[in-house]
Each structure stands twice: as structure tokens, then as C-alpha cells.
Amino acid sequence: MSWETVIGLEIHVQLATKTKIFSGASTAFGAAPNTQACAIDLAMPGTLPVLNKKAVDMAILFGLAIDAEINLVSAFDRKNYFYPDLPKGYQTTQLDKPIVGPGTVEITLADGSHKNIRIHHAHLEEDAGKSLHEDFDGMSGIDLNRAGTPLIEIVTEPDISNAEEALAFAKKLHGLVTSIGICDGKMSQGSLRFDVNVSVRRPDEPLGTRTETKNLNSFRFMEKAIAKEVARQIDVLEDGGTIRQETRLYDGDTDSARSMRSKEEANDYRYFPCPDLLPVVIEQNHIEALRASLPELPEARKKRYMADYSLSDYDAGILSDDASMAHYFEASAEVADDAKLAANWIMGELSAQLNSSETDINDSPVSAEQLGGLIVRIKDGSISNKMARTVFEALWNNPADKSSADDIIEQLGLKQVSDSGAIETLVDEVIANSAQQVANYAKADASKRPKMLGYFVGQIMKASKGQANPQQVNEVLLKKLDALI
Amino acid sequence: MHNKTLTELSKGLRSGEFSSVELTHHFLNRIDQLDGVYNSFITVTAEQALAQAAAADQQLAKGNTPVLCGVPMAHKDIFCTEGVRTSCGSRMLDTFVPPYNATVVENFAAAGAVVLGKTNMDEFAMGSSNETSYYGPVKNPWQTQCVPGGSSGGSAAAIAARLTPAATATDTGGSIRQPAALCGITGLKPTYGRVSRWGMIAFASSLDQGGPMARNAEDVAVLLNTMASFDDKDSTCLERPVPDYTATLNAKLDGLTIGVPEQYFGDGLNPAVEQAVQDALREYENLGATIKDISLPHSNLSVPAYYVIAPAEASANLSRFDGVRYGHRCDNPQDLEDLYKRSRAEGFGDEVKRRILVGAYCLSAGYYDAYYKKALQVRRLIQQDFVAAFKQVDIIMGPTCPNPAFEFGSKGSDPVAMYLEDIYTIATNLAGLPGMSIPCGLVDDKPVGLQLIGNYFDEARMLNIAHRFQQQTDWHQLAPPSITNVSLQDESIAHANGESA
Amino acid sequence: MTIERADIEKLAKLAQIGITEENIVATTNSINSVLTLVDQLQAADTTAVEPMANPLDATQRLRADTVSEANCRENFQNIAPAVADGLYLVPRVIE
């Protein structure tokens with residue numbers, strides 16, 4: 001008998017504000033430890049929170065982007081637990097009155113089908129700091145720079161049925177939050193983190209006991225963690241065991257997971273309304289102003305790509321889902337003056353390289369301008385497709401080098417010879433030195449002749465050190481040979 | 001000099017009768033000689049005070065200075081003072097020197113006031129007798145075997161003992177009004193949101209409010225002019241103009257309607273205290289006011305509601321004291337839990353621990369609705385009682401406390417006996433209303449207080465009502481017998497109390 | 001509602017406050033005394049009464065998203081019990 005998987009996600013999205021949710025300290029990534037932790041972030045006695053307007057606006061923008069209801073009155077609560085990365089001993093979050101109510105995100109699966117994933121709600125909260133486990137004589141070090149960074153936590157309904165859907169949803173969400181500019185989308189810096197709730201059941205049976213795997217910060221890890229947890233639960237159940245409600249940790253480096261704490265050990269968080277913050281009241285006209293400011297959403301962008309650039313549904317989907325990808329595509333297409341070729345290169349060579357090196361499009365060593373410039377040279381016949389790949393590789397491998405495609409072509413001496421005079425000279429030389437082959441060609445049946453051209457082309461390309469424009473070579477060669485017969 | 005009110009001292013500074021340095025020396029000297037008995041200061045900042053006084057004298061010489069320029073005062077040790085230890089009466093913060101100032105501290109510094117030091121208090125403001133302070137109890141200058149009240153007992157006792165003409169204080173359930181009553185001084189808890197809480201170490205955030213203490217309403221009005229401000233660092237501080245609280249002090253009381261809640265005169269009220277309050281009400285009738293009986297039907301629930309809400313908020317507010325970033329840390333913690341449990345067990349006193357545990361209980365799974373939510377609902381009922389009452393009357397009056405100052409240790413080991421001392425003051429905090437205590441008599445040679453409860457942001461009217469009373473009576477001018485015959489040069493005064501200075 | 005030793009132990013863990021064996025009975029008694037006091041609340045009819053978390057009839061003020069805090073690590077860490085390399089030190093954190 002088969003098993004059904006039921007998955008719900010909780011996604012923590014770091015908002016791209018300049019300052020913390022409750023303090024004026026910077027949120028810039030990568031500062032020296034505790035240099036961006038002010039008195040409020042450190043929970044110094046007597047300090048008080050004041051809410052960042054930008055964080056509220058970004059949460060509203062997200063709600064609008066998923067057609068959710070924006071709660072005109074929302075409120076903050078305290079979630080109490082002790083942990084060294086949580087300076088106040090409570091996290092300020094929203095429990096009963098989140099800012100964003102129910103909404104929907106539509107995902108597209110590989111077979112082209114669509115599915116709606118319902119969003120239960122999204123709420124504002126503060127991020128915690130970081131514990132660094134390097135050894136300080138048996139101690140851990142605490143860096144509170146991240147403490148107080150604004151987050152929205154997005155909670156889905158358990159509408160996801162497998163890892164593929166979870167991945168499609170995660171990518172869709174990534175594209176959405178980056179498109180509307182509320183998150184930089186940098187997974188490697190923890191800008192998006194996923195908690196995965198997984199249970200399995202026999203069809204038509206009630207929901208099984210679920211486990212939660214926390215803090216997955218890459219798409220790949222999330223996919224693998226889900227697959228692993230589903231397999232584990234099925235194994236346990238098929239062996240006659242029971243699933244324990246627990247929180248699990250997945251280690252992407254070793255592809256292994258373990259139990260962190262069971263439900264019985266779970267904290268009693270003692271939520272209650274935060275008395276230092278008053279109800280957040282949002283005016284309807286402010287929501288409308290934000291709605292008007294919403295940039296193009298991925299769905300609309302996809303339709304535009306299909307209409308304006310004649311891209312396929314699939315291509316348009318891939319290029320439009322992610323804001324950075326879309327931006328890269330549009331910038332390179334503009335330089336290249338050819339959307340189709342730009343799309344091909346991005347989804348072919350560039351994506352392959354990005355994937356194999358696990359590089360974010362934002363960190364691509366080849367810029368959109370460089371790729372566009374490369375395509376220009378392919379189009380005008382300066383270089384062959386094969387040469388273009390060589391140039392692309394050179395650009396990829398020298399990210400610090402700001403050379404243009406033209407510079408690389410020049411440096412490597414790859415410029416294709418398209419000067420018809422020069423090509424004619426080359427062809428003439430090869431024909432003159434290949435009397436036997438010319439004779440054979442002339443004798444051969446017309447249907448066999450095309451195959452025989454390879455020899456001449458090879459000789460000509462060799463003589464040109466690979467730089468002759470193959471198309472031109474073909475044309476000139478045919479003309480000259482035909483003239484000889 | 002020390003018998004002068006703050007307003008008189010301000011005038012003396014401006015007329016050149018004495019300099020701020022002289023005045024500051026005078027009070028520092030008194031603290032030095034007398035406070036060994038009263039223990040009203042935790043930290044005396046003599047050097048800084050004299051430097052501030054010298055700076056103030058320069059300002060005064062130029063003229064056109066704020067009223068408080070050069071006037072000595074003290075801050076309750078709950079207000080963070082940059083570079084000066086701020087202990088909150090707790091071992092937890094015994095070595096805590098904040099690198100920032102409370103807004104209230106900034107406001108007084110900007111006005112040129114001279115800060116003599118930080119006053120003693122119940123630990124984290126949790127107490128009504130000052131017995132929970134890590135730095136030992138404060139003695140009531142009227143009778144040193146009695147408590148000064150709490151939690152702002154240090155501020156109240158220091159003013160009563162003429163060690164400072166004024167002090168800041170805070171009030172979460174009566175911590176300004178009760179010690180003011182027990183020490184025979186004047187204290188005002190403003191409307192919640194009138195005074196910034198930034199840098200004021202939190203006990204129960206939705207109840208805490210800073211306010212001034214001094215010898216009379218006029219001085220309190222002067223202090224509130226500086227203490228109250230809009231502060232964008234405190235989300236619960238309201239953006240509304242601060243009136244000149246001294247401008248209307250002398251307004252006539254004709255037509256004033258005073259509400260007297262029947263619930264404030266029931267069982268448990270000391271008859272002599274009741275008589276003093278009734279006498280005060282007669283005085284108000286003489287001043288042209290009308291007395292009206294009112295009912296605040298949910299009054300009996302204010303203490304139970306408070307002892308859910310305040311501990312619940314405190315249990316979270318005090319979680320930050322974990323031995324990691326500042327404050328007390330136990331020696332050689334074995335693991336994380338040991339660090340937390342031992343640092344907090346050693347750093348907090350019994351009453352603080354008790355309230356944290358009660359708060360955690362009331363918020364815990366399964367009890368939230370029965371305790372915390374219920375208390376918040378009762379809180380609204382209590383507020384609605386007041387809203388209804390203020391449709392009929394301009395101000396509410398009654399006793400501040402059921403009894404005059406009690407003796408140390410007399411409440412035994414049951415915490416609830418102590419909690420009931422705040423039975424008349426707590427409802428005001430739950431509702432967020434302004435409350436005030438002014439001296440209105442002596443019972444057993446100890447002062448008792450008349451409580452004034454005003455409508456929201458009606459502090460100016462309350463101060464006017466209090467001031468008019470003080471112009472007709474002299475209760476506020478009485479000084480504790482133990483200090484009345486003391487002159488600055490007489491170093492024997494401390495010994496007169498049987499203890500060495 | 002009265003609580004027992006086991007409840008106190010649970011609360012002590014939630015609040016991370018160590019309670020010594022000799023104090024546990026006194027602590028339990030005094031907390032029960034407080035709970036007896038607050039149990040008076042149960043008598044109140046609060047049907048349809050909206051809980052009141054804050055006395056102010058006001059709404060949250062919002063702050064502009066501009067950096068206002070400079071790096072004050074040295075000031076803050078001068079008063080910290082244990083620091084190294086700019087980090088606060090705690091006994092090893094095990095997840």
C-alpha cells in the first residue's frame with residue numbers, strides 16, 4: 001500500500017531593511033562580531049523597542065504580492081525562552097494578530113501542471129544572534145549582530161505533497177520576495193531559511209504525527225532533508241514503529257539528520273502581549289499606496305517574456321521566477337539585442353556553471369553586460385559558437401578581470417576571419433594544394449559531394465588557425481569548387 | 001538651607017543667597033552625616049555633583065537659567081546613569097555601570113540640576129517596605145524602626161530627612177504614593193505614557209511610570225515640567241505637549257466635585273487614617289469643593305489582578321539578566337543551564353524570584369486563560385469603573401494607604417500581607433491614571449497620606465488641587481522629629497539615633 | 001489552584017532560577033499564598049470583556065529606517081563578565 005506525504009513549510013525571510021526591526025543598528029552582513037549590536041539589541045536594562053516602518057511596509061508588500069488579507073490591526077507578543085543568542089530571554093513576534101492573513105501562492109511543476117499552496121499567515125518578528133562554536137577554552141562565543149534583524153515568518157497550510165512541490169514553492173517564494181525587493185535572497189547568508197513539517201499517512205487516513213526539521217538554508221538541503229525524513233518515517237511505520245513528535249536537525253554537509261528535542265521536552269513559551277509595543281494600526285490608504293508601488297510580479301513578468309520575446313512557457317518561467325535572474329536576463333538581452341539568444345545562453349552555459357559551482361546568480365563571475373557583449377559577437381559572426389564557449393569560460397574563470405568579451409577575443413586571438421578577401425585567399429591556397437582531392441570531388445556523384453567537403457573545410461580552418469568564419473568558408477568553397485567542375 | 005523647598009532653593013540660587021556649590025556641599029554633608037542611619041542612598045556621587053554645581057554656578061552667573069539649574073536632587077537607582085553604577089537595588093546589578101542615560105536623567109541634566117546620588121529601593125522595585133533591597137532596608141526618618149514604604153523608599157526618606165529637596169521615583173503599584181505617604185512628603189505618579197521609560201529599568205512595562213517626589217505640590221509641579229517629555233525612544237510615551245504645571249497651581253477650587261469611593265473606606269482601613277482623610281475632605285469643602293460618594297465596584301479585584309499582570313510582565317522583563325552580557329555571573333559555570341540558574345539564583349533576592357515564578361506560572365500552558373487573560377479582563381473592568389466615575393466627578397480622593405508606616409519585619413513571612421498595603425494605589429496603575437499622595441495628618445506620630453486620583457493627563461489640575469490644600473494646611477511642612485533640631489555643624493545628630501554616621 | 005513541588009521545579013526550569021532543596025518548601029508555600037490571593041479573580045464575571053494589555057488608547061509609532069546607532073562594542077563589552085575576540089562567552093552551546 002502506498003504512503004501519502006503531507007508537508008507544511010515555515011519560511012523565515014530576512015527583510016532587506018537598513019536597520020533592525022526595533023533599533024537603529026545596521027543590518028549589513030559580515031560586520032565584525034557585536035559591532036552592530038546596540039543597547040537595544042543587547043537587551044541592556046531600561047532599553048525599549050520602537051518598530052521600523054520599513055519592516056512593516058515590507059510585510060504588507062509581501063501580503064499584497066500573495067493576495068493576502070492585510071490585518072489593519074496587528075500586535076506583538078513575547079515568546080519566552082532562554083538561549084544565549086536571544087538577549088532579552090524572549091523573542092518579540094506576532095502570535096494572535098499577525099500582520100498578514102491567509103493568501104495563496106501558485107506553483108508550476110515540471111510537468112507543467114499548477115498547484116495552489118495556501119499561506120496560513122505571515123508575521124513580523126526579530127531574528128536571533130549567532131552562537132559560534134569555535135573553541136574558547138570550552139566556551140562558545142556569541143555574536144549579536146544578527147539579533148533584531150527583521151524577519152517575516154511565512155507559514156503554509158500542509159498543502160505540499162512531496163519534495164518537488166516543496167522545492168517549487170521555495171523557489172517561487174524566493175522569486176517573489178526578491179522581485180518585490182523585500183529580501184536580498186542570499187541563501188548562503190541565511191536570508192531565507194526553511195523549517196519543514198513532515199508527516200506521512202495511508203491515503204484517506206487522518207494526518208500522521210509530524211516532525212519539524214529546522215533551519216534549512218539551501219534549496220538542495222531542503223529537498224534532501226524532506227526526502228530523508230519521508231523515507232525515515234515510512235521505514236519506522238512499516239517496521240511497526242511510531243513517529244515521535246519532535247524537532248530535528250539536518251546536517252547538509254553529511255546529509256544526516258538527528259532528533260533535537262521531543263515534544264515532551266519542548267518549551268512552554270508563555271506567549272503574552274508585549275507591553276512595550278502598542279497595536280500596529282495600518283490605514284487602508286497606506287495599503288493602497290503600497291499596492292501601487294508594487295513592482296512587476298514574477299507571474300506578470302513571465303507573461304511579458306512570452307509575449308514580447310516569444311519565449312516558451314518553460315523558458316519564460318525559469319527566467320521570470322527569480323528577480324535576480326530576470327534582471328540578469330533583461331540586462332543581457334538588452335546589450336545583446338537578442339532575447340532568445342540571451343535566454344539560451346543563460347539557461348544553457350550560465351546555469352550549468354552556476355549550478356555546478358553552487359553560485360548565486362547575483363554572484364555570477366560573468367556579468368549580464370559581459371554575456372550580452374559575447375552574444376553580440378556571435379550574432380555578427382565575429383566568433384563561432386565554439387569560440388564563444390571558450391570566451392565564456394575565460395570570463396567565468398577570471399571574475400576579478402573586468403574584461404569585455406571583445407577584450408578576451410582579442411587576447412586569445414579568437415577573432416573569426418570574416419573578411420571575404422582573406423577567406424578567398426585561404427580557399428584558393430587549399431584548392432591549389434589539393435589537386436587529387438579536387439579531382440576526386442569532380443568525379444564523385446553529386447549526392448556524395450557534401451560529405452567530401454569536410455576535408456577542404458578542415459584544411460581551410462587549420463590554415464586559418466580556426467578563425468575563419470565556417471559559414472563563409474562553406475559558401476566560398478562551394479562556389480570555387482563548383483566553378484572548377 | 002535644607003529646610004527650604006526646592007522652589008525656595010531655586011530662588012536663593014538666583015538671588016545669590018548661596019551658590020550651587022555651597023548648597024551641594026550642604027546636602028552632601030548631610031548625607032555623609034545622616035544617611036548612615038537612614039540608608040536612603042545606594043551611591044553618592046559627590047565629585048560629579050560638585051562639578052555639576054560649579055558648572056551651574058557659572059550658568060547662574062550669566063542669568064536666564066532654567067528653574068532647576070543648580071538645584072540638588074537625587075535619582076532613584078532604577079534610572080540608568082551613564083558612568084554611575086545603577087543597581088536597581090539588586091545584587092544582579094551591583095557592578096552594573098550603564099554606558100547610557102535614562103531620558104529622565106537627560107532631562108534633568110539638560111535643566112542643570114545637580115545629582116547628589118542614587119537612592120535606595122526595593123529590589124527591581126518589587127516591594128512596599130524597602131526591605132527587599134540588596135543594600136539593606138531604608139529607615140523611615142519619622143521612626144527608624146519603621147519602614148519608609150516602597151519601592152521608592154530611598155527617595156521618600158531622603159526628602160523627608162532633608163538630605164535632598166527632590167528626587168525621582170517610579171510607581172508600578174503605588175511605589176511613589178505609598179512611600180510618599182509613609183514619609184510625609186508629596187509624590188505624583190503621572191498618567192501612563194507621560195514620562196519616558198527609556199533607561200528606567202523595567203519591572204512591569206504596562207504599569208511602570210516615573211514621577212517626581214518633593215516636599216510639596218509646587219515643587220512636584222516644577223519637577224514634572226522637566227521630567228515629562230515626549231520621547232521617541234519609548235513607544236508607550238505619548239506625543240502630546242507638556243503644559244506648564246506651575247501655571248495653574250493657584251486656580252480656585254470652586255465648583256470642584258470630589259468623588260469618594262466607598263470601597264476605599266471599608267474593612268482594613270485604620271480608623272485614625274480614615275479620620276485624617278475625612279478631615280482633609282472637610283478642608284476641601286471649605287475650599288469650595290463638593291464631595292460626592294461614588295463606587296468603584298471592582299476595586300477588590302485590583303490586588304489580585306495586579307499580582308498576575310505585574311509578575312507576568314516581570315517574569316519576561318527580568319529574563320535578560322542571564323549573566324552573559326552584564327550583571328552578576330556565577331563563578332565557574334559548568335554548563336549553560338548552570339550559568340543561568342546559578343547566576344539568577346545568586347543575583348536575585350527572594351521576592352524577585354517569587355514574582356518571576358508566579359509570573360511564569362500565570363503565563364504557562366493551561367493557566368494563561370484562567371490567570372493572565374482573566375486578569376487583563378478584570379483590568380478593563382477596573383478601568384471602566386474609573387471612566388464611569390470621571391463622568392460624575394473631577395477628581396477622586398481617599399487614603400493612600402490603609403495604615404501609617406509599619407515596623408520592620410511586622411508583615412511576617414506571608415508576602416500577601418505586604419501586598420495588601422497597596423490596596424488603594426494599585427488600581428490607578430492598572431487603569432493608567434495619574435495618582436498623587438500628599439500629607440494629610442499624623443497617626444501615632446507618623447504621617448499619613450491623602451490620595452488624589454485624576455483623569456488621564458489631568459496632572460495640572462491635580463497639582464492645583466493639592467497646592468490649594470497645602471496653602472491651607474501645614475502637614476507637608478512637618479519634619480521628622482529626629483532631624484528637626486539638627487544643624488549642619490552638629491555632628492552628634494547621627495549619634496542621637498543611637499547609630500554612628 | 002495550589003501547586004506542588006513538581007510544579008515549582010518546572011517553573012524554576014522555565015524561569016532558569018536555581019532553587020535549593022532547603023528553600024523549596026518555603027517557596028512553594030509562599031507562591032501558594034499568592035495564588036490563593038489571585039484566585040479571587042475567578043469570581044469576576046468577565047463574559048465578553050476584551051482583555052486590556054495596555055492602558056493607553058494609542059497605537060504603535062513607527063521609526064524611519066535610518067541607521068542611528070554607532071558601534072559601541074567596547075563600551076558594552078567593558079561591562080561584560082566574559083568576552084573574547086569581540087564575542088560574549090558562554091559555556092559551550094549544544095544544540
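This is a short chat between a student and a tutor about a predicted model.

Student: Let's start with Phe136(A). Why is Phe136(A) called buried?

Tutor: Buried means under 20% relative accessible area. Phe136(A) has 12%, so the label fits. As for its place, Phe136(A) is in strand β8 of chain A, residues 130–136.

Student: What makes Gly141(A) and Leu87(C) contacts of Phe136(A)?

Tutor: The test is heavy atoms within 4.5 Å. With neighbours within four places in sequence left aside, Phe136(A) is in contact with Gly141(A), and also with Ala84(C), Asp85(C), Leu87(C) and Leu89(C). Gln91(A) is another story: the C-alpha atoms of Phe136(A) and Gln91(A) are 27 Å apart, with their positions 45 residues apart in sequence.

Student: On to β10(A). What makes this strand mostly covered?

Tutor: Strand β10 of chain A spans residues 150–156, and 7 of its 7 residues are buried. One side carries Pro150(A), Ile152(A), Ile154(A) and Thr156(A), the other Leu151(A), Glu153(A) and Val155(A), and both faces are covered.

Student: How do you know that β1 and β10(A) pair?

Tutor: Pairing takes at least two bridges. Strand β1 of chain A (residues 4–14) is joined to β10(A) by 5 bridges, running antiparallel, and Ile11(A) stands opposite Ile154(A). Strand β7 of chain A (residues 114–126) passes as well, with 7 bridges to β10(A), again antiparallel. There, Ile119(A) stands opposite Thr156(A).

Student: Now for charges. Why is the pair Lys214(A) and Asp195(A) called a salt bridge?

Tutor: The cut-off is a side-chain nitrogen of Lys or Arg within 4 Å of a carboxyl oxygen of Asp or Glu. The closest N and O atoms of Lys214(A) and Asp195(A) are 3.7 Å apart, and that meets the cut-off. The pair links distant parts of the chain, with Lys214(A) in strand β12 and Asp195(A) in strand β11, 19 residues apart.

Student: Why do the two partners get different burial labels?

Tutor: The limits are under 20% for buried and over 50% for exposed, with partly exposed in between. Lys214(A) is at 25%, so it counts as partly exposed. Asp195(A) is at 2%, so it counts as buried.

Student: What makes Glu424(A) and Lys480(A) a salt bridge?

Tutor: Their side chains meet at 3.3 Å, N to O, against a limit of 4 Å. Glu424(A) lies in helix α12 and Lys480(A) in helix α15, so the pair ties together parts that are 56 residues apart in sequence. Glu424(A) is partly exposed at 29%, whereas Lys480(A), at 19%, is under the 20% limit and therefore buried.

Student: How many salt bridges does the structure hold over all chains?

Tutor: There are 45. One of them joins Glu17(B) and Lys4(B) at 3.7 Å, N to O.

Student: Last topic, empty space. What makes something a cavity here?

Tutor: A 1.4 Å probe fits there but cannot get out. The structure holds 3 cavities of 30 Å³ or more. The largest has about 200 Å³ of space. Its lining has 21 residues, and Phe22(A), Ile40(A), Asp41(A), Lys88(A) and Glu126(A) lie nearest its centre. By class, that lining has 11 nonpolar, 4 polar and 6 charged residues.

Student: How do you know that residues of chain B line the second largest cavity?

Tutor: A lining residue has an atom within 4 Å of a cavity point. Among those lining the second largest cavity are Arg197(B), Met200(B) and Phe321(B), along with Pro45(A) and Asp276(A) from chain A. About 90 Å³ of space lies inside.

Key. Residues numbered from 1 in each chain as written. Chains lettered and ligands numbered in written order. Predicted model: local features only at pLDDT ≥ 70, side-chain atom pairs only at ≥ 80, totals over all residues. Heavy atoms only, no water. Buried < 20%, exposed > 50% of the residue type's maximum accessible area, 1.4 Å probe, protein only. Helix = DSSP H or I, 4+ residues; strand = E, 2+ residues; numbered from the N terminus. 1 Å grid on protein atoms, 1.4 Å probe; cavity = no way out; pocket = protein on both sides within 12 Å on 5 of 7 lines; lining within 4 Å. Points joined across faces, edges and corners; volume = space filled by probe spheres on them. Nonpolar A, V, L, I, M, F, W, Y, C, P; charged D, E, K, R; others polar.
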